[in-house]
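Here's a friendly walk through a few spots in a protein chain. Have a look at the sequence and the 3D view before reading on.

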Amino acid sequence: MLRTAYAASLACLAICFLAICFLAICAFGTRATAQVTFTQTAINSGDTTSSGITAGDFNKDGILDLITVNNSSLSFYKGLGAGQYAAPVNQALPNNLGQVLAGDFNRDGKLDLAIATGCCSVPGGITILLGNGDGTFTQGTNLSVTGTAAFIALADFNGDREPDLAVSIYGNPGSTEVFLGQGDGTFKLSATLADGDFQLVAGDFNADGRQDVAVIGGTGVTLYLGNGNGTFENPLVASLADVSSIAVGDFYNDRIQSLAILVTTFLGGGNFENDIYSLRYHNGQWLAENRNVISAQNGDPYQRIIGGDLNGDFKDDIFLVGGNFQGSAVSAYMLGNGNGTFQALASAPQWGDLQNFPFIRDLDLDSRHDVGIAWTSIFDNIGGAEILRNTSATVNCTPPGANALSVHICAPSNGQTVGKSFTFRGAGNAWNGFAKRMELWIDGKKVGQDLSDQLKVTRALTKGSHSASFVVVDSFDNYVSKTVNFRASY
């Protein structure tokens with residue numbers, strides 16, 4: 001199958017390029033796209049290829065840092081604020097690892113790392129590195145799996161608010177294994193699911209408060225609804241050929257998570273076509289809807305997709321990256337309409353020959369969501385971190401620092417008198433994972449939420465005194481709240 005061969009080539013790219021390059025930091029001017037403007041910065045890792053990237057406050061100074069996984073090293077890029085980063089500090093890693101995610105696995109208040117082996121020809125499990133709190137890491141207890149750990153997802157699958165791991169196992173056939181975090185840096189197998197092979201994600205797709213797993217398998221995208229105890233229900237399959245990537249978001253603007261699906265089809269003659277579908281759990285069915293066709297010419301297909309709000313309208317968008325072996329990376333985005341459809345493709349800045357594992361997060365704490373990408377320049381034998389700083393999105397509320405799970409309330413202020421209708425605005429941040437949800441409670445009753453680190457809710461009010469509580473929830477369902485008192489007078 002095309003997808004199998006293509007995914008194998010991408011994930012094993014690092015094996016083919018082993019030269020080490022000098023360190024250089026390149027900043028580029030602001031580039032405008034159709035509706036979102038980015039300022040691009042690319043940072044060389046000092047190692048060949050970069051196959052994984054993640055963000056987190058690894059030194060607990062409130063500023064988000066970056067980590068990339070390179071050919072034979074891990075790079076720590078200390079955040080300096082305002083979208084700036086120090087030159088990377090590297091430490092050795094086993095060769096040719098892949099996707100990397102961050103969480104506090106041993107309850108010491110320091111971010112740790114889980115790193116997948118990557119797909120497909122090299123067997124291996126999950127590398128666990130325990131954070132020292134300064135951007136360096138100590139070897140933890142690695143996690144063995146029954147095959148090759150191709151992709152990973154972090155979530156709380158059993159309700160104990162600890163990071164758990166779902167691992168997509170590449171094999172014939174593939175499978176998915178779910179491991180529950182023990183709170184001491186180790187994990188215990190809780191479920192083996194029948195489908196796997198390629199990328200997987202975690203989310204609450206049926207809005208029951210329990211984390212589910214969606215995985216790209218041999219026949220399409222398979223959904224396993226979680227039982228809340230580390231086990232899962234029977235699979236639901238959306239049959240789609242040549243699925244290359246999936247992304248979680250609130251694409252229907254209904255405060256329920258759904259998926260955006262990227263399909264890559266070879267057209268012949270060195271050309272590809274990408275299709276975008278929305279996929280949701282609705283009325284007991286797992287439904288693929290709303291096909292968008294993207295022509296990828298000159299052998300430059302998109303291979304990864306991620307969801308998030310890029311223009312500040314509280315409708316989730318998608319960002320796509322890719323490239324090829326000929327020296328041409330590609331980046332683009334599609335703004336969401338809030339009904340499972342997307343607007344026309346708009347180009348974004350790109351760097352290197354191949355880009356991988358984009359993420360969307362407010363890196364510079366300005367209320368706009370930025371993009372981070374791992375990049376590789378094949379013919380130059382280098383890789384590193386790319387940051388697209390969002391400079392044009394509508395601003396709602398600046399978030400607090402990333403060294404704690406915390407809330408910033410922008411409106412109303414404590415003691416403020418407001419009118420009959422008022423727009424409540426707040427922001428949250430998290431150091432363990434990310435802020436996945438904001439809630440608004442008025443006088444002890446939940447009246448609104450956004451599946452984001454931003455909250456914007458307009459409500460009619462009765463006359464008199466009220467309290468408004470803003471709640472932020474992190475990746476593992478930990479939460480904190482902050483309350484202000486106000487008065488409605490009209």
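What follows is a short tour of a strand, two residues and a pocket in this predicted model.

## A strand with two partners

Let's start with strand E19, which covers residues 220–224. Is E19 mostly covered or mostly open? It's mostly covered: five of its five residues are buried.

E19 has strands to pair with. Strand E18 (residues 212–216) runs antiparallel to E19, with four bridges between them, and a hairpin of three residues links E18 to E19. Strand E20 (residues 236–239) is also antiparallel to E19, again joined by four bridges. Val221 is a handy residue to follow here: it is the bridge partner of Ile216, and it also stands opposite Ala238 in E20.

## Gln355, tucked away

Next up is Gln355, which you'll find in strand E29 (residues 354–361). Why does Gln355 count as buried? Its relative accessible area is 1%, and buried means under 20%, so Gln355 qualifies.

The side chain of Gln355 has polar company. It makes a polar contact with the side chain of Glu386 at 2.3 Å, and it reaches the backbone oxygen of Trp351 at 3.5 Å. Setting aside neighbours within four places in sequence, Gln355 is in contact with residues including Gln303, Val321, Ser331, Ile373 and Trp375. Val330 is another one of those contacts; it sits 25 residues away from Gln355 along the chain, yet their C-alpha atoms are separated by 7.5 Å.

## Val473, another buried residue

Val473 belongs to strand E38 (residues 464–474). Val473 is buried too, because its relative accessible area is 4% and the cut-off is under 20%.

Which residues does Val473 touch, not counting those up to four places away in sequence? They are Phe434, Ala435, Lys436, Arg437, Glu439, Asn478 and Tyr479. As for Leu405, it is 68 residues from Val473 along the chain, and the two C-alpha atoms are 8.0 Å apart.

## The second largest pocket

Finally, let's look at some empty space. The second largest pocket holds about 160 Å³ and has 13 lining residues. Those nearest its centre are Arg255, Phe314, Asp450, Lys456 and Val457.

Two elements each give two or more residues to this lining: strand E36 (445–450) and strand E37 (454–460). E37 supplies the largest share, with four residues. What classes of residue make up the lining? There are six polar, five charged and two nonpolar residues.

Note on methods
Residues numbered from 1 in each chain as written. Predicted model: local features only at pLDDT ≥ 70, side-chain atom pairs only at ≥ 80, totals over all residues. Heavy atoms only, no water. Buried < 20%, exposed > 50% of the residue type's maximum accessible area, 1.4 Å probe, protein only. Contact = heavy atoms within 4.5 Å. Pairing = 2+ DSSP bridges. 1 Å grid on protein atoms, 1.4 Å probe; cavity = no way out; pocket = protein on both sides within 12 Å on 5 of 7 lines; lining within 4 Å. Points joined across faces, edges and corners; volume = space filled by probe spheres on them. Nonpolar A, V, L, I, M, F, W, Y, C, P; charged D, E, K, R; others polar. Polar contact = N/O pair within 3.5 Å; in protein donor to acceptor, adjacent residues only side chain to side chain.
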